[in-house]
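Welcome! Here are some short exercises on reading a protein model, each with a solution to follow at your own pace.

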Amino acid sequence: MTDPRFRQLPSVNEVLETPTVQALAHDHDHALLVAAIRRELADLRQRFRQDDTHDGSTGALAVAQRLVERLGRELRPKLRPVINATGIVLHTNLGRAPIAEEAALAAGEAARGYLNLELDLDSGKRSSRQNAIRDWVCRLTGAASATAVNNNAAATVIVLRALCQGKEVVLSRGQLIEIGGSFRIPEIMAVSGAVLREVGTTNITRLADYERALGPNTGALMQVHSSNYRISGFTKAVPLADLVALGKKHGLPVLDDAGSGALLDFARFGFHGEPVARQSIATGADLVLFSGDKLLGGPQAGIIAGRKELVQKIEKDPLMRAFRLDKMTLAALETTLRLYLNEEQALQAIPGLRMLGMPVEELRRRAQALAEQLQAVDGVATATVRADVAYVGGGSLPDQTMPAWVVEVEARACSDADLARRLRLGTPAVVARLRNGKVVFDVRTVFPQQETALVEAVRQALALPVAPV
Ligand SMILES: *Cc1c(COP(=O)(O)O)cnc(C)c1O
């Protein structure tokens, strides 16, 4: 038995012929429209079956209107700009480091046109795409050579594969880290074909532990920066300088996975213990590996800097082709590296560095101004300013906080989780933190030019009906 109400529904053709859908026909494929109308009608039948009281009429025009809304939802881009109000500067789920305006422009230009990616303009001969970054990385780190791949995970794999396949790589148990998203040192080691030789214990590793592990099949000594965790208390780790001396004595390369890729000393921002690439090379590491999109503030990349013959060997590995950077990333990376030639310029132009260096007084002033604007939004019960703390994120400096200023918002007729969801689904999307029933906006990671849009996003979120369908 068919539900008699089914007969009230318009046919696909009736909906197609409404002026509303005719207007859509300019921008949308016919087959796509027909399929969407079928889905809309099927949904209505389903609601009849479930005895759901559907909102509005089921006439052709009403169905056409629902179709417009459906297409608007379904055909939205999946990747959307987000206002990051979490205060987490390197938020991996939000794309880690925002890159400098100059770098974004360079990537756009590279994307739109042609460039001398693998052509030496002087000789007219074929060249390496790595030349675009090699010289800059060398200047900034003091290394003799350098190359770049897709990310630091790829850098680790290709370094171990090219230099240590079938050989043992000696590494402290205290450094067998996992970085989020299934990057685990033992597993990376396994796919590279190198053999992990763990030494020491979780909290204590001495030089003698490394020394005892050396044998005819040792390929390298490795150090991995414990980026996202800290061991405190009764601990001992071997300084890089001692590993370098041991490597020299036995003719073994020392590989330093520095993680974040700080090109300048983060002590200026009050952060301590983050390795600086130049320091690692100066100490004598044969290769230092780091990410492009963490503290460096560039695009996603993995940079390998160090001895020339090792870099050459890595570049000859067949995986290089699979891991190499594309023209847009190379253009953005080169531009970012060149900004560091003048430290003051880097601090101003690279958003992550600018955010980390923002004076607390300025954060307080911005939070105050934002709170005043939010308080005036319809539906906001309270918008209060308070001092807080925040983390850098991106698996960097997990034990060190920075002072922050936040605005805590409570809505009149909408829970904190509901408001947060509405903000995530708005345009632009806003991602904030939740705490004690309030939505917390940290101004550090909100670009000053986004403040108006943020207030507008809250206004729109609170203007929605109480239970949105
Ligand atoms: C982040 C990190 C990685 C992974 O880097 P990606 O660029 O995200 O692939 C590897 N090693 C260390 C020590 C890290 O901190």
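**Exercise 1.** In which helix is the place of Thr329? Find the helix, then decide whether Thr329 is buried or exposed.

*Solution.* Before we start, note that this is a predicted model, where local features need pLDDT of at least 70, side-chain atom pairs count only at pLDDT 80 or more, and totals for chains, interfaces and linings use all residues. Residues are numbered from 1 along each chain as its sequence is written, and side-chain values use heavy atoms, with hydrogens and water left out.
- Step 1: Thr329 sits in helix H14, residues 327-339. Helices (H or I, at least four residues) and strands (E, at least two) are DSSP runs, numbered from the N terminus.
- Step 2: Thr329 is buried because its relative accessible area is 15%; buried means under 20%, exposed over 50%, and partly exposed in between (1.4 Å probe, protein chains only).
- Step 3: Leaving aside neighbours within four places in sequence, Thr329 is in contact (heavy atoms within 4.5 Å) with Pro299 and Gln300.

**Exercise 2.** Describe the surroundings of Arg338, which is also placed in helix H14.

*Solution.*
- Step 1: Arg338 has 41% relative accessibility, so Arg338 counts as partly exposed.
- Step 2: Beyond neighbours within four places in sequence, Arg338 touches Trp136 and Gln345.
- Step 3: Arg338 and Arg139 are 199 residues apart along the chain, yet their C-alpha atoms are separated by 9.8 Å.

**Exercise 3.** What does the side chain of Ser192 reach?

*Solution.*
- Step 1: Locate Ser192 in helix H8, residues 185-192.
- Step 2: Ser192 counts as buried because its relative accessibility is 2%.
- Step 3: The Ser192 side chain reaches the backbone nitrogen of Ala194 at 3.1 Å.
- Step 4: Apart from neighbours within four places in sequence, Ser192 is in contact with Val157, Leu160, Arg161 and Gln165.

**Exercise 4.** Which residues have the most contacts inside the largest nonpolar core?

*Solution.*
- Step 1: Recall that a nonpolar core is a set of buried Ala, Val, Leu, Ile, Met, Phe, Trp, Tyr and Cys residues joined through side-chain atoms within 4.5 Å.
- Step 2: The largest such core has 50 residues, and Phe266, Leu337, Tyr340, Leu353 and Leu356 have the most contacts inside it.
- Step 3: Setting aside neighbours within four places in sequence, Phe266 is in contact with Phe271, Leu295, Leu353 and Leu356.
- Step 4: There is also a second, separate core of 31 residues, with Val149, Leu171, Ile179 and Met320 among them.
- Step 5: For background, nonpolar side chains tend to be buried together in soluble globular proteins.

**Exercise 5.** How many residues line the largest pocket, and which lie nearest its centre?

*Solution.*
- Step 1: On a 1 Å grid over the protein atoms alone, a pocket is an open set of points with protein on both sides within 12 Å along at least five of seven lines; lining residues have an atom within 4 Å of a point.
- Step 2: The largest pocket is lined by 46 residues, and His91, Thr92, Leu94, Gly95 and Arg96 lie nearest its centre.
- Step 3: Strand E1 (82-84), helix H7 (152-164) and strand E8 (254-259) each supply at least two residues of this lining.

**Exercise 6.** How many helices and strands are in the protein chain?

*Solution.*
- Step 1: The chain has 19 helices and 15 strands.
- Step 2: Of its 469 residues, 48% are buried.
- Step 3: Along its principal axes, the C-alpha trace spans about 90 × 50 × 50 Å.

Definitions and conventions. A polar contact is a pair of N or O atoms within 3.5 Å; within protein, one must be able to donate a hydrogen and the other to accept it, and residues adjacent in sequence count only if both atoms are side-chain atoms. On a 1 Å grid over the protein atoms alone, a cavity is a set of points where a 1.4 Å probe fits but cannot get out, and a pocket is an open set with protein on both sides within 12 Å along at least five of seven lines; lining residues have an atom within 4 Å of a point.
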